[in-house]
Amino acid sequence: MSTRSTGQQSVFRRKPVDAFVTETRPDTEGGELSRSIGLFQLTMFGVGATIGTGIFIVLTEAVPEAGPAVIFSFILAGITAALTAVCYAELASTIPVSGSSYSYTYATMGEIVAFGVAACLLLEYGVSSAAVSVGWAQYLDELFSSLFGFRMPEAMLAAPGEGGFLNLPAIVLVTLCCLLLTRGARESATANAVMVIIKIAVLILFVIIAFTAFSGDNFAPFAPFGAAGIGVAASSIFFTFIGLDAVSTAGEEVHNPRRTLPLAIIFATIIVTTVYVLVAVAGIGAQPAGRFEGQEAGLAVILRNITGSNWAPAVLSAGAVISIFSVTLVTLYGQTRILFAMGRDGMLPEIFHRINPTTLVPVRNTIIVGLFVGALAGFVPLGVLIDLTSMGTLVAFTVVSIGVMILRRTQPDLPRGFRVPGYPVTPVLSAAFALYIISQLPFSTFALFAVWLGVAAIIYFTYSARHSRLARGEAVASEEPR
Amino acid sequence: MNYLVALTALGGRDALSLGRMLARTGDATLTVCVVVPQTWDYPSLARVDAEYAAFLNQYAEDTIAEAREFLGNAVRAEYTSTPASSATEGLIATATETDAALVALGSARHGPLGRFTVGGIANEMLHVSPVPVALAPRGYRPSSDARLRRVTCAFSGSTQSRSAFDAAVQLSRQHDVPLRLATLVVRDRQMYPSQVGYDAERLVAEQWRAQAEEAQEKALATLPDDVAVEAGIAEGRDWEDALESLPWEEGEVLVVGSSRLGPVARVFLGSNSIKIVRSSPVPVLVIPRGADVHLKDAAPAARGL
């Protein structure tokens, strides 16, 4: 027993579950939050966290890749996301506190894997909030245009690679969200529900208006690039399904997780995929596939072309501006809290987990995240951001699916609140789908991702491996045999 | 050591009770002050102003007589009425004149019993007072022989709370009562939906607790050995919850600091302090920012009563 409490030397050291429990001290006496989330609410969390991240901007990228067959890309991406979310739920239920996949991996698969997953999560949260704020900039411009007939100059509306100088509105959005976060602002469950309604209402409005201009001819070459095109588009689309994993992290707080978790994941996936497919069908029905390319604030432009008036694009743009704002706030928040958890584990310098005594928020952490995401949003083209986000998310998801299988073999007796139905088919399929979609990403994304992992590895071996609290034997003080 | 009590006909008793409680120990005296509107120096022909002045005098005398009766001989007290164009002005002038170590104020009448509600005068005093301001909750009535038993300092480890800490130490030494450092850990609301699990804010709260313990230890290490002190952390869903989780004694005051945004050497409530003031079940003493606090020169200015 003394060998473990003096610190574990391997980079595969695992954080004991007890340590998580001590860190978060779940209130047992009041239990004000415990087991309070039901199926409906959880499904809505999933829908709310997912819709709005990408559907407003992704058609521009995806339709040129697959043609009208993009519908199948959405379904493919949706199935993959749902399978992974189910695997994620098993991993989440093996440790009794809720957290991100970083925490789960740290407890089950070891430190270096957790660090890699965290590097991927930085893409999933940090880079995706940059991507989403670029989309916000497009819709803000569109809103100004339909309300006041005023357009922002291209130089301040696009990244250098896309004929601009910098994307100012995107930087402003990230700055605003970070300011709110440093002041301790929160989006409540109620605010989230309102946002979900706004998003869905706006998308339904789009579908209804777009169907008035429906033309079956637009579907004529249905899959101009064949199955390959569907796969490529699915890889771009995948990032619109980020957020579905929010359902899995609820773990402890859910009534009867064994039943509720998979049902909520399935319902949320069905709702989200249905909405996406409807939007795609309506969009393609309204204009030929060839016209999607390079269309900024695509959905609003389609509405303008159909109605010839300004009110419809104005309403849609306003909805997009509001809901993308809320999504950015939530994603940035998630990013700061992941870095915070890493800071506490000693994987990152102390600056990431110092709390400002006045605002009681990790202010410096938030500022660093804001600078990083703001720079990405301002200076990197949207397509690159989207592909990088999909890459990071898919890799993290693959690790989760494989992790479930590894754990079933190495620690079969670990108590699990929720077990994947259809094991081992589900995790195998989930990993296979994810790997297939990854293989469709462009080479440049692989190169960037390799650089990214290289940087992460350098940070890990020069700093984290030495400062990790586990390595120094601090966090295991309260450890008892499990 | 002299404490100033701001008196009005309606809300005077809360402040008086607080003054009486504070003045029982520590060689302190009270100055009980009624601020009356300023009148013209030169009488007008019809003498209406003189009538008004006489009415004001009568009002001040009545109020003072009531206060005198309420306090009895329990503490040494001086009574005065100050003419001034605003209550705040009069109070600050009197505080400076009598070298008061603090000004005791009562709550606004519309607030809940047992809590302090900031009224018009308190609002002004909380922005400009150069001396600490003591706030009596509405309906504050400790038993008539109550005395100060303990001083609690709301401590966050920030620079602002440093002057609150110094003031609390001085107050506790002055009155020879134990000192308690209390750091409030308020678990922030969780963001929904969460992509990082639903324990994220607990993690933050726990980190804050660890940081607060560290800061408390540092602050305690600077104290001389003769100060009786304890330190604790109060946790809750909100400020009221956290404050209520602490045990309070009858004769207790809570000391808080001023915001760093306010002017130097003036009282100015920050966003956390105002929440503490609103939810505290005991009187709150607000210390000016960066104050070289007055409490320390114990020169008995109004001793000669």
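Start in chain B of this predicted model and select strand β6, residues 150-154, together with strand β9, residues 252-256. The two strands pair in the parallel sense, over four bridges. To see one position along that pairing, show Cys153(B): the residue standing opposite in β9(B) is Val255(B).

Keep β6(B) selected and add strand β7, residues 179-186 of chain B. β6(B) and β7(B) also run parallel, and four bridges join them. Here the position to show is Ala154(B), which stands opposite Ala182(B).

Now turn on the side chains of β6(B). In a regular strand, side chains alternate between the two faces of the sheet. Which residues of β6(B) lie on each side? Arg150(B), Thr152(B) and Ala154(B) are on one side, and Val151(B) and Cys153(B) are on the other. Both faces are covered, and all of these residues are buried. The strand is thus listed as mostly covered, with five of its five residues buried.

Move to chain A and select Thr105(A), found in helix α6, residues 101-108. Is Thr105(A) buried or exposed? Thr105(A) counts as buried because it has 27 C-beta neighbours inside 10 Å, and the cut-off for buried is 20 or more. Leaving aside residues up to four places away in sequence, Thr105(A) touches Val113(A), Ala114(A), Val117(A), Val399(A) and Gly403(A). For a distance check, pick Leu83(A): it is 22 residues from Thr105(A) in sequence, and the C-alpha atoms are 18 Å apart.

Next, add helix α7, residues 111-148 of chain A, to α6(A). The two axes come within 7 Å and cross at roughly 170°. That angle is why α6(A) counts as roughly antiparallel to α7(A). The crossing is right-handed. On the α6(A) side, select Ser101(A), Tyr102(A), Thr105(A) and Tyr106(A). They meet Glu111(A), Val113(A), Ala114(A), Val117(A), Ala118(A) and Leu121(A) of α7(A). By class, this contact has seven nonpolar, two polar and one charged residues.

Finish where the chains meet. Contact between the chains involves 38 residues of chain A and 24 residues of chain B. On the chain A side, select α2 (17-24), α3 (39-50), α9 (189-212), α11 (245-248) and α14 (311-344), the elements that give two or more residues each. Which element gives the most? α14(A) does, with eight residues. Coloured by class, the side of chain A that touches chain B shows 17 nonpolar, 13 polar and eight charged residues.

Key:
Residues are numbered from 1 along each chain as its sequence is written. Chains are lettered from A and ligands numbered from 1 in the order in which they are written. This is a predicted model: local features need pLDDT of at least 70, side-chain atom pairs count only at pLDDT 80 or more; totals for chains, interfaces and linings use all residues. Two residues are in contact if their C-beta atoms, placed from the backbone, lie within 7 Å. Ala, Val, Leu, Ile, Met, Phe, Trp, Tyr, Cys and Pro count as nonpolar, Asp, Glu, Lys and Arg as charged, and the others, Gly among them, as polar. A residue is buried if 20 or more other C-beta atoms lie within 10 Å of its own, exposed if 12 or fewer, and partly exposed in between; C-beta atoms are placed from the backbone. Axes are lines fitted to C-alpha atoms, for helices over the stretch in contact, and angles run from 0 to 180 degrees between N-to-C directions. Angles under 35 degrees count as roughly parallel, over 145 as roughly antiparallel, 65 to 115 as roughly perpendicular and the rest as oblique. A crossing is left-handed if the near helix is turned anticlockwise from the far one by less than a right angle, and right-handed if clockwise. Two strands pair if DSSP finds at least two bridges between them.
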